[in-house]
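Reader: I would like a close look at one part of this protein, namely how its helices pack against one another. Please take me through it carefully, and then set that part in its surroundings.

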Amino acid sequence: MIQKLQRFGGAMLMPSVLFAFAGLVVGITSIFKNPDLVGNIALEGTLWYKFWFVVEQGGWTLFNQMPVVFALGIPIGLAKKANGRAALEAFVIYMTFNYFINAFITQFPLFGIEIPAEGKLPTGLTSIAGVKTLDTSIIGSIIIAGISVWIHNKYFDKKLPELLGIFQGTSFVIIIGFLLMIPTAFVTALLWPKVQLGIAALQGFLKVSGVIGVFTYTLLERLLIPTGLHHFIYGPFMFGPAAVETGITAYWATHIQEFAANSQMTLKELFPQGGFSLHGNSKVFGLPAAALAMYVTAQTKKKKIVAGLLIPAALTGFLTGITEPIEFTFLFAAPMLFVVHAVLGALMSSIMYSFGVVGNFGSGLIDFVALNWLPMFSNHSAQMFVQITIGLIFSVIYFFVFRFLILKFNLNTPGREKEDTETKLYTKQDYKNKDKEVTVVKDDASTHTDQAIIILEGLGGKDNINEVTNCVTRLRVNVLDESLVKDDNFLKQSGAMGVVRNGKSVQVIIGFSVGQVREAFDNLLK
């Protein structure tokens, strides 16, 4: 079950990463359309305003069609074969589901729901690709996409009699989905309004949960990273209705200009749910300090190597919020440090929240500046200075706590290993002649196949592979026999930063090139 949840969580991440760019577009255009920041040139009606308005509308694409994006993106990560066809099937089945809901609630009074012919739709209703339907948010699209993938994996290769051959493959999957969506839509139309009441109650509870709620959320979001289940923590908050109706990411983007222009109320008064998006502060203020502590405690002769390992990883997390490379660096060497990192990060977020810091701070410095600090500077600059002050204090705490623990318990962080273990990437020929002298190669397109060959061999060969998927930095593989999987050092010859094992589930930490390595890996399996 854990393996399936990990795989599903990784699939959820695939569409989620798209919102980083969309958020930046909306944040930047809000800055350029703000007369308080750029002057009268940004007044409504000017050519400058009209240009940035056009750009902004493009940035709203993903936010306005969020359920569709998840319905299309999840099958790409979950389908065992023909992923492109699976995405098309999921889209058709999901839209069929919404058309059925529309028909049920407009034709049968028993549901007690009225869809206005014109004007703004009331709370609980929405428009999905032009279809007026119940607002099931990404919960509905994820469930329908999951059903679609299940049908695809089970029936895509189903052989039909020759006479019915035209209905094989994608057509057969859609036919089954069509039939299943009739009762699914009926049950949804009957029960979802009651579920919406429960969601509203949850939102109300979280709104008043205060510092304790923020601490608990942030702690769990970090602690569950090794299991791959952290997607189920931040997903409902950032993209789903757990904290606010449309998700924090979309809600903040939608109201960013309204919040920026309000000088009468604090941001915490305007958007208290924004406390559940402070987990990025540990990435910006905490992890660079932790990396510095690992560097200063490394052996003198290894400091140059350690710097080469930690500086890129720390900068990546600092700027973009993708922290898995550096977090797994000390997770493997000393799990104690990872737990300390999660606790310190949760403390930092909860203290910031108690001092009034809210917003969309789930990623790195780029999002901090474009989505928060610059748009809010005119009327809410005090929050920025409070946030930076608390953040820098925690940077100092991170450094000294990590340094103390590393030295006190003699932890084997990078540069303190008892044996020299050098991480390298090898060419295909080097791998074949691994007992001979090898040369280091760069991590570029020509080496992705070489990496995949080493990983496949380390996982017991193609006959031992059951399922393959990936998230932003990890190749996730379910094997048939875990005893055939070689040790971590063998897999690290591919350039992997580390390995996470959980029975037959093996995660190989590769980095941002995992997509290319996954493609090469799939080609080897074929």
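Author: A crossing of two helices is called left-handed if the near helix is turned anticlockwise from the far one by less than a right angle, and right-handed if it is turned clockwise. With that in hand, and keeping in mind that this is a predicted model, we can turn to helix 17, which covers residues 365-408, and to the helices that pack against it.

The crossing of helix 2 and helix 17 is left-handed. On the side of helix 2, the contact is formed by Ala-20, Gly-23, Leu-24, Gly-27, Ile-28, Ser-30 and Ile-31, while helix 17 contributes Ile-366, Asp-367, Ala-370, Leu-371, Leu-374 and Pro-375. Helix 2 itself consists of residues 19-32, and its axis comes within 9 Å of that of helix 17, the two crossing at roughly 30°. Because angles under 35 degrees count as roughly parallel, helix 2 is roughly parallel to helix 17. As for the spacing of such contact residues, an α-helix has 3.6 residues a turn, so residues three or four places apart point the same way.

Helix 17 also packs against helix 16, which is made of residues 335-354, and here the axes lie 11 Å apart at an angle of about 160°. Since an angle over 145 degrees counts as roughly antiparallel, helix 16 is roughly antiparallel to helix 17. The crossing of helix 16 and helix 17 is right-handed, whereas that of helix 2 and helix 17 is left-handed. In this second pairing, helix 16 brings Met-336, Leu-337, Val-340, His-341, Leu-344, Gly-345, Leu-347, Met-348, Ile-351 and Met-352 to the contact, and these meet Gln-387, Ile-390, Gly-391, Phe-394, Ile-397, Tyr-398, Val-401, Phe-402, Leu-405 and Ile-406 of helix 17.

Beyond helix 17 the chain enters the loop that leads to helix 18 (428-432), and Asn-410 is located in this loop. Asn-410 has a positive phi of about 50° although it is not a glycine, and with a relative accessibility of 48% it counts as partly exposed. Ala-129 can be set beside it, as a residue other than glycine whose phi is also positive, near 50°. Ala-129 sits in the loop between strand 1 (125-128) and strand 2 (131-134), and it is partly exposed, with a relative accessible area of 41%.

Two further helices help to fill in the surroundings. Helix 13, residues 281-296, has end C-alpha atoms 23 Å apart, which agrees with the 22 Å that its 16 residues should span at 1.5 Å a residue. A kink of about 30° nevertheless lies at Leu-287 in helix 13, shortly before the proline Pro-288. Of the 16 residues of helix 13, 12 are buried, so this helix is largely enclosed by the rest of the structure; among the buried ones are Lys-283, Phe-285, Leu-287 and Met-294. Helix 7, residues 83-107, contains Thr-96, which is buried at a relative accessible area of 16% and, leaving aside neighbours within four places in sequence, is in contact with Phe-178 and Met-181.

For the protein as a whole, there are 21 helices and 6 strands, and 53% of the 526 residues count as buried. Among contacts with a separation of 6 or more, 72% join residues that are 24 or more positions apart.

Methods: Residues numbered from 1 in each chain as written. Predicted model: local features only at pLDDT ≥ 70, side-chain atom pairs only at ≥ 80, totals over all residues. Heavy atoms only, no water. Helix = DSSP H or I, 4+ residues; strand = E, 2+ residues; numbered from the N terminus. Expected span 1.5 Å × (residues − 1). Bend = angle between axes of the 7 residues up to and from the residue. Buried < 20%, exposed > 50% of the residue type's maximum accessible area, 1.4 Å probe, protein only. Axes fitted to C-alpha atoms, helices over the stretch in contact; angles between N-to-C directions. Parallel < 35°, antiparallel > 145°, perpendicular 65-115°, else oblique. Contact = heavy atoms within 4.5 Å.
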